[in-house]
Amino acid sequence: MTYKHKVQYYETDKQGVTHHSNYIRIMEETRIDAMEKMGFGYERMEAEGVFSPVIGVTCDYKSPTTFPDIIEVEISVAELGRLKTRFAYRMTCNGKVVCLGTSLHCFLNANGRPVAIEDRFPEFYEALKKLRGQQ
């Protein structure tokens, strides 16, 4: 699954390079877009009492981008467990890898107790299985 992000001028630093913190924001945009396309966006999940906080992030910068570059992000599922999911992000610009990252998420109910996503949303779990290892 691919997402495209156009680097905005305000996302760059004094040297005109995309500030490193924005790559984590782009991962968030990509994940939200992918979840919505699978039919399980955050709005739906939270309305049904399930929350998915970020519990870990990695971000390896490979090459800089600048305004107005288009960053293409391929998202996949690197690890899929009953209580945690690790998404992987491969960001490219003009065919060149610019960033590799991951985000680790758990699933919780409104009381903060773990939710087994396979049991609570089996269709979502199946969609995540299809995304596993697609990079």
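This is a short walk through the strands, helices and one surface patch of the structure shown above.

Hi everyone, and thanks for coming. Before we start, please keep in mind that this is a predicted model.

Let's begin with the sheet. Five strands make up an open sheet, and their order across it is E1-E4-E5-E6-E3, with antiparallel pairing. Which strands sit at the edges? Those are strand E1, residues 2-6, and strand E3, residues 54-61, and each of them pairs on one side only. From one strand to the next, the twist averages 20°.

Now let's look inside the sheet, starting with E4 and E5. Strand E4 covers residues 70-80 and strand E5 covers residues 84-93; the two run antiparallel and are joined by eight bridges. If you'd like to find this pairing on your screen, try Leu-80, which stands opposite Thr-85 in E5. Another pair to look for is Glu-72 with its bridge partner Thr-92, again in E5. The link from E4 to E5 is a hairpin, made through three residues.

Moving along, E5 also pairs with E6. How many bridges join E5 to E6? There are 10, and these strands run antiparallel too. Here you can look for Cys-93, which stands opposite Lys-96 in E6. E5 and E6 form a hairpin as well, with two residues between them, and Asn-94 in that turn has a positive phi of about 55°.

So is E5 mostly covered or open? It is mostly covered, with seven of its 10 residues buried.

Next, the helices. Helix H1, residues 21-37, lies across E1, E3, E4, E5 and strand E6, which spans 96-106. Relative to E3, helix H1 runs at about 120°. Then we have helix H4, residues 122-131, lying across E4 and E5 and running at about 115° to E4.

Last stop: the surface. Ile-24, Val-54, Val-57 and Tyr-61 together make a nonpolar surface patch of about 320 Å². Which strand gives the most to this patch? That is E3, with three residues, and you may remember E3 as one of the edge strands.

Let's zoom in on Val-57, which lies in strand E3. Why does Val-57 count as partly exposed? Because its relative accessibility is 39%, and partly exposed is the range between under 20%, which is buried, and over 50%, which is exposed.

That's the tour. Thanks for listening, and feel free to turn the model around while we chat.

Technical notes: Residues are numbered from 1 along each chain as its sequence is written. This is a predicted model: local features need pLDDT of at least 70, side-chain atom pairs count only at pLDDT 80 or more; totals for chains, interfaces and linings use all residues. Side-chain values use heavy atoms; hydrogens and water are left out. Two strands pair if DSSP finds at least two bridges between them. Helices (H or I, at least four residues) and strands (E, at least two) are DSSP runs, numbered from the N terminus. Axes are lines fitted to C-alpha atoms, for helices over the stretch in contact, and angles run from 0 to 180 degrees between N-to-C directions. Contact means heavy atoms within 4.5 Å. Patches are made of residues with over 30% relative accessible area and no salt bridge: like charges are joined within 9 Å, nonpolar side chains (Val, Leu, Ile, Met, Phe, Trp, Tyr) within 5 Å. Accessible areas come from the Shrake-Rupley method with a 1.4 Å probe; for residues, only the protein chains shown count as cover. A salt bridge is a side-chain nitrogen of Lys or Arg within 4 Å of a carboxyl oxygen of Asp or Glu. Buried means under 20% relative accessible area, exposed over 50%, partly exposed in between (1.4 Å probe, protein chains only).
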